[in-house]
Amino acid sequence: MTEAKMDLMPTGTTVPDRGEVLVQAIPFDRARWLPLLPSVDWWPPELDDCPTVAGRRRVDRKTVFGVARRSDTVVGRRHLLTAALVWGTGTKARSVIRRAAVFAANSAGDIDARLEAALGTLEEQGPVAAYYAFNNDQHIKHLGPAFFTKVLYFAGPEQSEGALRPLILDRFVALALRAADTGEMWPTSGWTTPWYRRYLLLTHEHSLQVGVAPDQIEAALFARGKQLA
(Lines give C-alpha, C1' and ligand atoms only; values in the text may rest on other atoms or scores of the structure.)
Protein backbone atom coordinates (compact mmCIF):
# COMPACT_ATOMS: atom_id res chain seq x y z
CA MET A 1 0.00 0.00 0.00
CA THR A 2 1.15 3.54 -0.75
CA GLU A 3 0.67 6.43 1.64
CA ALA A 4 -0.01 9.60 -0.35
CA LYS A 5 -0.92 13.15 0.47
CA MET A 6 -3.74 14.22 -1.85
CA ASP A 7 -5.95 17.28 -1.97
CA LEU A 8 -8.85 15.05 -3.01
CA MET A 9 -8.78 13.12 0.25
CA PRO A 10 -7.58 13.62 3.82
CA THR A 11 -3.84 13.51 4.43
CA GLY A 12 -2.72 9.94 4.98
CA THR A 13 -5.39 8.39 2.79
CA THR A 14 -4.22 5.01 1.58
CA VAL A 15 -4.10 4.49 -2.15
CA PRO A 16 -4.32 0.81 -3.13
CA ASP A 17 -1.61 -0.75 -5.26
CA ARG A 18 -2.60 -1.36 -8.88
CA GLY A 19 -2.54 -5.09 -8.22
CA GLU A 20 -5.07 -4.62 -5.43
CA VAL A 21 -7.30 -2.62 -7.76
CA LEU A 22 -7.24 -5.33 -10.41
CA VAL A 23 -8.21 -8.08 -7.97
CA GLN A 24 -11.13 -6.14 -6.46
CA ALA A 25 -13.67 -8.98 -6.66
CA ILE A 26 -17.44 -9.00 -6.36
CA PRO A 27 -19.52 -12.16 -5.71
CA PHE A 28 -22.26 -13.03 -8.17
CA ASP A 29 -25.00 -15.60 -8.70
CA ARG A 30 -25.12 -16.90 -12.26
CA ALA A 31 -28.54 -18.48 -11.72
CA ARG A 32 -30.07 -15.08 -10.94
CA TRP A 33 -28.70 -13.44 -14.06
CA LEU A 34 -29.34 -16.02 -16.79
CA PRO A 35 -33.17 -15.82 -16.83
CA LEU A 36 -32.94 -12.03 -17.14
CA LEU A 37 -30.60 -11.92 -20.15
CA PRO A 38 -31.95 -11.78 -23.72
CA SER A 39 -30.36 -15.20 -24.21
CA VAL A 40 -27.62 -17.33 -22.70
CA ASP A 41 -25.31 -16.02 -25.45
CA TRP A 42 -25.03 -12.75 -23.55
CA TRP A 43 -23.26 -14.51 -20.66
CA PRO A 44 -19.43 -14.17 -20.85
CA PRO A 45 -17.72 -17.57 -20.56
CA GLU A 46 -14.95 -15.99 -18.50
CA LEU A 47 -17.37 -15.63 -15.59
CA ASP A 48 -17.75 -19.39 -15.37
CA ASP A 49 -14.00 -19.66 -14.77
CA CYS A 50 -14.00 -17.24 -11.83
CA PRO A 51 -12.86 -18.66 -8.47
CA THR A 52 -15.39 -19.63 -5.81
CA VAL A 53 -15.09 -18.12 -2.34
CA ALA A 54 -17.50 -19.04 0.46
CA GLY A 55 -19.79 -20.77 -2.01
CA ARG A 56 -20.00 -17.84 -4.47
CA ARG A 57 -18.07 -17.17 -7.63
CA ARG A 58 -16.27 -13.83 -7.57
CA VAL A 59 -15.38 -11.69 -10.58
CA ASP A 60 -12.57 -9.13 -10.37
CA ARG A 61 -11.59 -6.15 -12.48
CA LYS A 62 -8.83 -8.09 -14.25
CA THR A 63 -11.38 -10.61 -15.53
CA VAL A 64 -13.70 -7.89 -16.86
CA PHE A 65 -10.74 -6.24 -18.61
CA GLY A 66 -10.17 -9.60 -20.27
CA VAL A 67 -13.78 -9.71 -21.45
CA ALA A 68 -13.44 -6.14 -22.77
CA ARG A 69 -10.61 -7.15 -25.09
CA ARG A 70 -13.27 -8.78 -27.25
CA SER A 71 -15.43 -5.65 -27.46
CA ASP A 72 -14.63 -5.11 -31.13
CA THR A 73 -17.43 -7.55 -31.99
CA VAL A 74 -21.18 -7.57 -31.32
CA VAL A 75 -20.92 -10.60 -29.05
CA GLY A 76 -17.90 -9.15 -27.29
CA ARG A 77 -19.74 -5.91 -26.54
CA ARG A 78 -22.70 -7.87 -25.19
CA HIS A 79 -20.36 -9.81 -22.94
CA LEU A 80 -18.68 -6.60 -21.77
CA LEU A 81 -22.02 -5.06 -20.82
CA THR A 82 -23.07 -8.17 -18.90
CA ALA A 83 -19.70 -8.52 -17.16
CA ALA A 84 -19.69 -4.85 -16.12
CA LEU A 85 -23.21 -5.16 -14.72
CA VAL A 86 -22.36 -8.37 -12.85
CA TRP A 87 -19.17 -6.90 -11.39
CA GLY A 88 -21.00 -3.81 -10.19
CA THR A 89 -24.06 -5.50 -8.70
CA GLY A 90 -23.37 -8.28 -6.20
CA THR A 91 -25.67 -11.16 -5.32
CA LYS A 92 -28.88 -9.61 -3.93
CA ALA A 93 -31.84 -10.68 -6.04
CA ARG A 94 -33.39 -7.22 -5.89
CA SER A 95 -30.18 -5.59 -7.12
CA VAL A 96 -29.78 -8.09 -9.96
CA ILE A 97 -33.37 -7.49 -11.13
CA ARG A 98 -32.82 -3.75 -11.01
CA ARG A 99 -29.61 -3.87 -13.05
CA ALA A 100 -30.97 -6.40 -15.53
CA ALA A 101 -33.86 -4.05 -16.31
CA VAL A 102 -31.64 -2.76 -19.10
CA PHE A 103 -32.36 -5.98 -21.01
CA ALA A 104 -36.12 -5.85 -20.45
CA ALA A 105 -36.45 -2.18 -21.44
CA ASN A 106 -34.39 -2.26 -24.64
CA SER A 107 -34.31 -4.54 -27.65
CA ALA A 108 -31.10 -6.47 -28.29
CA GLY A 109 -30.66 -4.63 -31.57
CA ASP A 110 -30.98 -1.24 -29.91
CA ILE A 111 -28.48 -2.15 -27.20
CA ASP A 112 -26.06 -3.44 -29.83
CA ALA A 113 -26.31 -0.27 -31.92
CA ARG A 114 -25.87 2.08 -28.97
CA LEU A 115 -22.98 0.13 -27.49
CA GLU A 116 -21.19 0.11 -30.82
CA ALA A 117 -21.73 3.85 -31.31
CA ALA A 118 -20.67 4.87 -27.80
CA LEU A 119 -17.60 2.63 -27.73
CA GLY A 120 -16.69 3.82 -31.21
CA THR A 121 -16.81 7.35 -29.84
CA LEU A 122 -14.55 6.28 -26.98
CA GLU A 123 -11.96 4.95 -29.41
CA GLU A 124 -12.13 7.88 -31.80
CA GLN A 125 -12.77 10.89 -29.54
CA GLY A 126 -11.97 9.80 -26.00
CA PRO A 127 -13.83 9.29 -22.73
CA VAL A 128 -15.50 12.69 -22.36
CA ALA A 129 -17.16 12.45 -25.78
CA ALA A 130 -18.10 8.83 -25.06
CA TYR A 131 -19.69 9.87 -21.76
CA TYR A 132 -21.75 12.45 -23.62
CA ALA A 133 -22.80 9.81 -26.14
CA PHE A 134 -23.94 7.33 -23.49
CA ASN A 135 -25.70 10.09 -21.56
CA ASN A 136 -27.47 11.56 -24.60
CA ASP A 137 -27.79 10.28 -28.19
CA GLN A 138 -26.71 6.71 -27.36
CA HIS A 139 -28.44 6.47 -23.98
CA ILE A 140 -29.59 2.96 -23.10
CA LYS A 141 -32.63 3.01 -20.83
CA HIS A 142 -31.82 1.89 -17.26
CA LEU A 143 -28.07 2.15 -17.93
CA GLY A 144 -27.12 5.23 -15.96
CA PRO A 145 -23.73 6.90 -15.47
CA ALA A 146 -22.70 4.70 -12.53
CA PHE A 147 -22.84 1.68 -14.84
CA PHE A 148 -22.08 3.01 -18.30
CA THR A 149 -18.87 4.51 -16.88
CA LYS A 150 -18.00 0.96 -15.82
CA VAL A 151 -18.45 -0.13 -19.44
CA LEU A 152 -16.27 2.78 -20.59
CA TYR A 153 -13.65 2.06 -17.94
CA PHE A 154 -13.22 -1.57 -18.90
CA ALA A 155 -13.34 -0.80 -22.63
CA GLY A 156 -10.64 1.86 -22.31
CA PRO A 157 -6.89 1.27 -22.23
CA GLU A 158 -5.70 -0.35 -19.02
CA GLN A 159 -2.74 2.03 -18.98
CA SER A 160 -2.45 5.51 -20.44
CA GLU A 161 0.47 7.73 -21.41
CA GLY A 162 -0.66 11.29 -20.86
CA ALA A 163 -4.15 11.07 -22.36
CA LEU A 164 -7.28 10.90 -20.23
CA ARG A 165 -8.61 7.41 -19.73
CA PRO A 166 -12.19 6.58 -18.69
CA LEU A 167 -12.88 6.00 -15.01
CA ILE A 168 -15.89 4.86 -13.01
CA LEU A 169 -18.04 7.59 -11.49
CA ASP A 170 -20.69 6.39 -9.04
CA ARG A 171 -22.35 7.78 -5.93
CA PHE A 172 -19.53 6.70 -3.61
CA VAL A 173 -16.89 8.40 -5.74
CA ALA A 174 -19.16 11.46 -5.91
CA LEU A 175 -19.53 11.51 -2.12
CA ALA A 176 -15.74 11.58 -1.76
CA LEU A 177 -15.49 14.37 -4.34
CA ARG A 178 -18.21 16.29 -2.54
CA ALA A 179 -16.22 16.08 0.70
CA ALA A 180 -12.96 17.08 -0.98
CA ASP A 181 -11.57 20.59 -1.10
CA THR A 182 -12.03 21.08 -4.85
CA GLY A 183 -13.93 24.35 -4.64
CA GLU A 184 -17.06 22.75 -6.11
CA MET A 185 -20.30 21.33 -4.71
CA TRP A 186 -20.34 17.92 -6.36
CA PRO A 187 -23.77 16.44 -7.13
CA THR A 188 -24.21 12.86 -5.94
CA SER A 189 -26.11 11.83 -9.07
CA GLY A 190 -27.13 13.06 -12.52
CA TRP A 191 -23.65 14.12 -13.57
CA THR A 192 -23.48 16.07 -16.81
CA THR A 193 -20.57 15.74 -19.23
CA PRO A 194 -18.70 18.76 -17.77
CA TRP A 195 -18.79 17.11 -14.33
CA TYR A 196 -17.33 13.91 -15.76
CA ARG A 197 -14.61 15.85 -17.55
CA ARG A 198 -13.77 17.67 -14.32
CA TYR A 199 -13.62 14.35 -12.45
CA LEU A 200 -11.19 12.90 -15.00
CA LEU A 201 -8.98 15.98 -14.91
CA LEU A 202 -8.83 15.92 -11.10
CA THR A 203 -8.07 12.20 -10.83
CA HIS A 204 -5.47 12.25 -13.60
CA GLU A 205 -3.77 15.31 -12.09
CA HIS A 206 -3.51 13.63 -8.71
CA SER A 207 -2.40 10.33 -10.18
CA LEU A 208 0.53 12.15 -11.80
CA GLN A 209 1.33 13.97 -8.55
CA VAL A 210 1.59 10.78 -6.52
CA GLY A 211 2.91 8.47 -9.24
CA VAL A 212 0.05 5.99 -9.51
CA ALA A 213 -2.46 4.93 -12.16
CA PRO A 214 -5.70 6.95 -12.44
CA ASP A 215 -7.88 4.01 -11.42
CA GLN A 216 -5.93 3.73 -8.17
CA ILE A 217 -7.21 7.22 -7.34
CA GLU A 218 -10.74 6.17 -8.37
CA ALA A 219 -10.52 3.13 -6.08
CA ALA A 220 -9.30 5.29 -3.19
CA LEU A 221 -12.15 7.76 -3.77
CA PHE A 222 -14.65 4.88 -3.86
CA ALA A 223 -13.36 3.55 -0.52
CA ARG A 224 -13.49 7.04 0.97
CA GLY A 225 -17.05 7.52 -0.29
CA LYS A 226 -18.18 4.25 1.27
CA GLN A 227 -16.77 5.44 4.60
CA LEU A 228 -18.67 8.71 4.27
CA ALA A 229 -21.89 6.93 3.36
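An axis, for a helix, is a line fitted to the C-alpha atoms over the stretch in contact, and the angle between two axes runs from 0 to 180 degrees between their N-to-C directions. The model on screen is predicted.

**Stop 1: helices α8 and α9**

Select residues 127-135, which form helix α8, and residues 145-155, which form helix α9. Two packed helices are described by the angle between their axes and the distance between the axes. Here the angle is about 135° and the axes are 10 Å apart. Angles of 65 to 115 degrees count as roughly perpendicular and those over 145 as roughly antiparallel, so α8 is oblique to α9. The crossing of α8 and α9 is right-handed.

Now show the side chains where the two helices meet. On the α8 side, the contact is made by P127, A130, Y131, F134 and N135. On the α9 side, the residues are P145, F148, T149, V151 and L152.

Next, select H142, in the loop between α8 and α9. Most residues other than glycine have a negative phi. H142 is not a glycine, yet its phi is positive, at about 75°. Its relative accessibility is 48%, so H142 counts as partly exposed.

**Stop 2: the other contact of α9**

Keep α9 in view and add helix α3, residues 61-68. These two helices pack at an angle of about 75°, with their axes 8 Å apart. That angle makes α3 roughly perpendicular to α9. The α3 side of the contact consists of R61, V64, F65 and A68. From α9 come Y153, F154 and A155.

Stay with F65 and select L22 in helix α1, residues 18-22. L22 and F65 are 43 residues apart in sequence, but their C-alpha atoms are 9.0 Å apart in space. Is L22 buried or exposed? L22 has a relative accessible area of 17%, and anything under 20% is called buried, so L22 is buried. With neighbours within four places in sequence left aside, L22 is in contact with D60, R61, K62 and F65.

**Stop 3: aromatic rings**

A pair of aromatic rings is described by the distance of the centres and the angle of the planes. The model has 12 aromatic pairs. Begin with W42 and F103: their ring centres are 5.5 Å apart and their planes are at 80°, so this pair is edge-to-face. The pair links distant parts of the chain, with the two positions 61 residues apart. W42 is in the loop between α2 (30-33) and β4 (52-53), while F103 belongs to helix α6, residues 101-105. Both W42 and F103 are buried.

Move to Y196 and Y199. Their ring centres are 6.0 Å apart and their planes are at 50°, so this pair is tilted. Y196 and Y199 are three residues apart in helix α11, residues 193-210, which means that about one helical turn separates them. Both of these tyrosines are buried.

Which residues form one aromatic cluster with Y196 and Y199? Add Y131, F134 and F148 to the selection to complete the cluster. Y131 and F134 were seen at the first stop on the α8 side of the contact, and F148 on the α9 side.

**Stop 4: charges over rings**

Select K150 and F147. The charged end of K150 sits over the ring of F147, 4.4 Å from the ring centre. Then select K226 and F172, where the charged end of K226 sits over the ring of F172, 5.6 Å from its centre.

**Stop 5: three single residues**

Go to R78 in helix α4, residues 74-87. R78 is buried, with a relative accessible area of 19%. Its contacts, leaving aside neighbours within four places in sequence, are W42, A108 and D112. W42 is also a member of the edge-to-face pair with F103.

Return to helix α11 and select L202. At 6% relative accessibility, L202 counts as buried. Not counting residues up to four places away in sequence, L202 touches L8, T182, E184 and W186. L202 and P214 are 12 residues apart in sequence and 9.6 Å apart in space, C-alpha to C-alpha.

End at A54, in the loop between β4 and β5 (56-60). What is the phi of A54? The value is positive, about 55°, although A54 is not a glycine. A54 is exposed, with a relative accessible area of 80%.

Definitions and conventions: Residues numbered from 1 in each chain as written. Predicted model: local features only at pLDDT ≥ 70, side-chain atom pairs only at ≥ 80, totals over all residues. Heavy atoms only, no water. Phe/Tyr/Trp six-rings, centres within 6.5 Å; stacked < 30°, edge-to-face > 60°. Helix = DSSP H or I, 4+ residues; strand = E, 2+ residues; numbered from the N terminus. Buried < 20%, exposed > 50% of the residue type's maximum accessible area, 1.4 Å probe, protein only. Lys NZ or Arg CZ within 6 Å of the ring centre and 35° of its normal. Parallel < 35°, antiparallel > 145°, perpendicular 65-115°, else oblique. Left-handed = near helix turned anticlockwise from the far one by under 90°. Contact = heavy atoms within 4.5 Å.
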